[in-house]
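User: I'd like to go through this one with you and hear the reasoning behind the labels. Could you take my questions in turn?
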Amino acid sequence: MRRPVLRRPALRLPAPRWPAGRPGFVLGSPLQLLLLACSFALAGYAGVRLLAGDWFGVLLWFVGAALVHDLVLVPLYGAADRALVRGAGRRRDLVAYVRVPAVLSGLLLLVWFPLISGRVAERYEGAAGLSTDGFLARWLLVSAALFGGSALLLVLRLRRATKQRPPADH
């Protein structure tokens, strides 16, 4: 005769609710709208200054960046994240210790890619008067520091968790 398996009830989180009178996605205050408009204006200004009067290049850069992100990078992010979660198995709580430094490192690579790759070395040196030689090494060092810090936090968390367990569980 088999014993019945007792299961704990599943933890159910309440569904997110919108504030009354605000159906769907609402941006919020006029200050938020003003900051969003200013950020778009700043990005447009930076694109115009970077490409120096090449309007087609500016338009191509904005559209290309949006398409490359949505059609290429988002599926890659998703596939890498699914592989990471599958690889973690039952220890899915540890995925954040890889996910956070990977996202930050990838964001830094995305923002500084022209200087890291050296593709705009002459333009940068002409405008800033500085060399682009150290950008790859600095990005690698920052990425290593991010992953190292995350690993250190994981070790400290696991160490604290083993100290808090009762002696019978060791």
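Analyst: Sure. Let's start with Arg-157: at 27% relative accessibility, Arg-157 counts as partly exposed. Bear in mind that this is a predicted model.

User: Why is Arg-157 called partly exposed?

Analyst: Buried means under 20% and exposed means over 50%. Arg-157 comes out at 27%, so the label is the one in between, partly exposed. Arg-157 belongs to helix α5, and leaving aside residues up to four places away in sequence, Arg-157 touches Asp-93, Leu-94 and Tyr-97.

User: What makes you say "touches" there?

Analyst: A contact means heavy atoms within 4.5 Å. Asp-93, Leu-94 and Tyr-97 are the residues that Arg-157 touches, not counting residues up to four places away in sequence.

User: And how do you know whether Ser-105 is buried or exposed?

Analyst: The cut-off for buried is under 20%. Ser-105 has 7% relative accessibility, so Ser-105 counts as buried. Ser-105 is part of helix α3, and beyond residues up to four places away in sequence, Ser-105 touches Trp-139, Ser-143, Leu-146 and Phe-147. For the chain as a whole, buried residues make up 11% of the 170 residues.

User: What is the secondary structure of the protein chain?

Analyst: It comes to 5 helices and 0 strands, and reading along the sequence gives α-α-α-α-α.

User: What lines the largest pocket, by class?

Analyst: The lining has 26 nonpolar, 3 polar and 5 charged residues. The pocket has a volume of about 1,400 Å³. Of its 34 lining residues, the closest to the centre are Leu-109, Leu-110, Val-111, Trp-112 and Phe-113. Leu, Val, Trp and Phe count as nonpolar, so those five all fall in the nonpolar class.

User: Which elements give two or more residues to that lining?

Analyst: Those are α1 (30-51), α2 (55-88), α3 (96-117) and α4 (121-128). The largest share, 13 residues, comes from α3.

User: Last one: which elements have the lowest and the highest mean pLDDT?

Analyst: Helix α5 (residues 135-164) has the highest, at 92, and α4 the lowest, at 80. Over the protein chain the mean pLDDT is 80, and 79% of the residues reach 70 or more. The scale runs from 0 to 100.

User: And what share of the exposed area do carbon and sulfur atoms supply?

Analyst: They supply 68% of it, with the protein chain exposing about 14,600 Å².

Note on methods
Residues are numbered from 1 along each chain as its sequence is written. This is a predicted model: local features need pLDDT of at least 70, side-chain atom pairs count only at pLDDT 80 or more; totals for chains, interfaces and linings use all residues. Side-chain values use heavy atoms; hydrogens and water are left out. On a 1 Å grid over the protein atoms alone, a cavity is a set of points where a 1.4 Å probe fits but cannot get out, and a pocket is an open set with protein on both sides within 12 Å along at least five of seven lines; lining residues have an atom within 4 Å of a point. Grid points are joined across faces, edges and corners, and a volume is the space filled by probe spheres set on the points. Helices (H or I, at least four residues) and strands (E, at least two) are DSSP runs, numbered from the N terminus. Buried means under 20% relative accessible area, exposed over 50%, partly exposed in between (1.4 Å probe, protein chains only). Accessible areas come from the Shrake-Rupley method with a 1.4 Å probe; for residues, only the protein chains shown count as cover. pLDDT is the predictor's confidence in each residue, from 0 to 100.
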